[in-house]
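Here is a walk through one protein model, taken a region at a time. Keep the 3D view open and follow along.

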Amino acid sequence: MTTEDKNQPVAATSKRYRLNDTPVAARPLEPALYLVATPIGNLGDITIRALETLAGADVLACEDTRVTRVLLDRYGIENRPYAYHEYNADEAGARLLAALEAGKSVALVSDAGTPLVSDPGYRLGQLAIEAGHRVVPIPGASAPLAALVGSGLPNDAFLFAGFLPTKDKAKRDRLRELAKVPATLIFFESPHRIGDTLVAAADELGIDRPASVCRELTKTFEEFRRGPLGDLASDYADKTVKGEIVLVIGPPAPDAAPDAADVDSLLAELSTTMPTAKAATEAARLTGLPRKELYQRLLELKGAA
């Protein structure tokens, strides 16, 4: 075998997986790029559809072959994983696209969780779509969602913002950009930076804003530390932390309604330099109150004058 042959994606030789020591044949897959979610810690958090895809794919691409091999061995999958990561994305991605062009099924996994979320798989998915190939998500474990539902914070609206910048100024600038977003914020963070990040978040978002530090999700030492940002910043100031972390921060408190007397004063001031309709519009912009109500109130003030 030539060196070039060794570098090519390797097709599956035995398309089956094992459940409770029982071999199960994997059904044939249609040509497509399959984005397969894998466990974020506990290997039991794998779906049957994911196992069938990993076993049945003509080509299996992964972030780290050693990590993926542990999962494959657990479920008796003999498919040979092919490395695709940020350092070889251009070269390896071209080969995976060539496999799709040849009518093969290609499965992509990251080390943990859902591919394309904070990993180079996004580029491959984008290129596959642009080339007209079918892209099929195989859903499953997701660290942001696991952290969100375990945090106890509002989940009706949320924003996953990935990793914050490592430099303090850039980190604080980014937090200020997100400060008023009316949603729960979700970040990935490294254990050696979580203390500094909590201090920055408490400074920029407020010490009373609720948050949760979610560590080692689904693993043996899973931990949720919940509380106001100020308290969490103090807790982690001199704390040595290990493991993967997701930081969840609750949405900002709604702005208090402006005092009625202050609204009347603002309307009176604006009406000295603007027509009634324009004054009401400007007051609505400044206070967030309905323009119609402000217009009616300004007419009442003028009528009483």
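## Starting at C62

Let's begin with C62. Setting aside its neighbours within four places in sequence, C62 is in contact with T68, P81, Y82, A83, Y84 and V109. Bear in mind throughout that this is a predicted model.

C62 sits in strand β4, which covers residues 59-62. Is C62 buried or exposed? C62 is buried, and its relative accessible area is 0%. There's also a long-range neighbour to look at: L108 is 46 residues away along the chain, yet the C-alpha atoms of C62 and L108 are separated by 5.8 Å.

## Two nonpolar cores

Now for the largest nonpolar core, which has 23 residues. The residues with the most contacts inside this core are F187, I194, L198, L205, V213, L229 and I249. Which elements give two or more residues to it? They are the helices α7 (168-178), α8 (194-205) and α9 (229-235), along with the strands β9 (184-189), β10 (210-215) and β12 (245-249). With six residues, α8 gives the most.

L198 is a handy residue to click on here. Leaving out its neighbours within four places in sequence, L198 is in contact with V213, L229, L232, A233, Y236 and L247. Apart from this core lies another one, of 21 residues, and C62 is among them, as are L71, A107 and I138.

## An odd pair in a loop

Next, swing over to the loop between β1 (16-19) and β2 (22-25), where N20 lies. D21 has its place in that loop between β1 and β2 too. Most residues other than glycine have a negative phi. N20 goes the other way, with a positive phi of about 50 degrees although it is not a glycine. D21 also has a positive value, with phi near 65 degrees.

How does the accessibility look? N20 is exposed, with a relative accessible area of 77%. D21 counts as exposed as well, at 67% relative accessibility.

## Salt bridges

How many salt bridges does the count come to? The count comes to 24. One of them pairs E78 with R16, with the closest N and O atoms 3.4 Å apart. This pair links distant parts of the chain, 62 residues apart: E78 is in the loop between α3 (65-74) and β5 (81-83), while R16 is in strand β1. Both ends are partly exposed, E78 with a relative accessible area of 41% and R16 with 37%.

A local example is R176 with D173, whose side chains meet in a salt bridge at 2.4 Å, N to O. Because they are three residues apart in helix α7, R176 and D173 are separated by about one helical turn. R176 is partly exposed at 43% relative accessible area, and D173 is partly exposed at 25%. Then there's D235 with R225, meeting at 3.4 Å, N to O. D235 is in helix α9 and R225 in strand β11 (residues 223-228), so this salt bridge ties together parts that are ten residues apart in sequence. One more thing to trace on screen is a network in which salt bridges that share partners join D168, K169, R172, D173, R176, D203 and E204.

## Pockets

The largest pocket holds about 1,000 Å³ of space. It is lined by 39 residues, and the closest to its centre are E63, D111, A112, G113 and E244. The elements that give two or more residues to this lining are α3, α6 (143-151), β9 and β12, and α3 has the largest share, with four residues. By class, the lining of the largest pocket divides into 20 nonpolar, eleven polar and eight charged residues.

What is the volume of the second largest pocket? It comes to about 160 Å³. Lining the second largest pocket are R27, P28, L29, E30, Y34, R49, E52, T53, R134 and I138. Helix α2 (residues 48-56) gives the most to that lining, with three residues. The lining of the second largest pocket has four nonpolar, one polar and five charged residues. I138 may ring a bell, since it turned up above in the core of 21 residues.

Notes. Residues numbered from 1 in each chain as written. Predicted model: local features only at pLDDT ≥ 70, side-chain atom pairs only at ≥ 80, totals over all residues. Heavy atoms only, no water. Core = buried A, V, L, I, M, F, W, Y, C linked by side-chain atoms within 4.5 Å. Buried < 20%, exposed > 50% of the residue type's maximum accessible area, 1.4 Å probe, protein only. Contact = heavy atoms within 4.5 Å. Salt bridge = Lys/Arg side-chain N within 4 Å of Asp/Glu carboxyl O. 1 Å grid on protein atoms, 1.4 Å probe; cavity = no way out; pocket = protein on both sides within 12 Å on 5 of 7 lines; lining within 4 Å. Points joined across faces, edges and corners; volume = space filled by probe spheres on them. Nonpolar A, V, L, I, M, F, W, Y, C, P; charged D, E, K, R; others polar.
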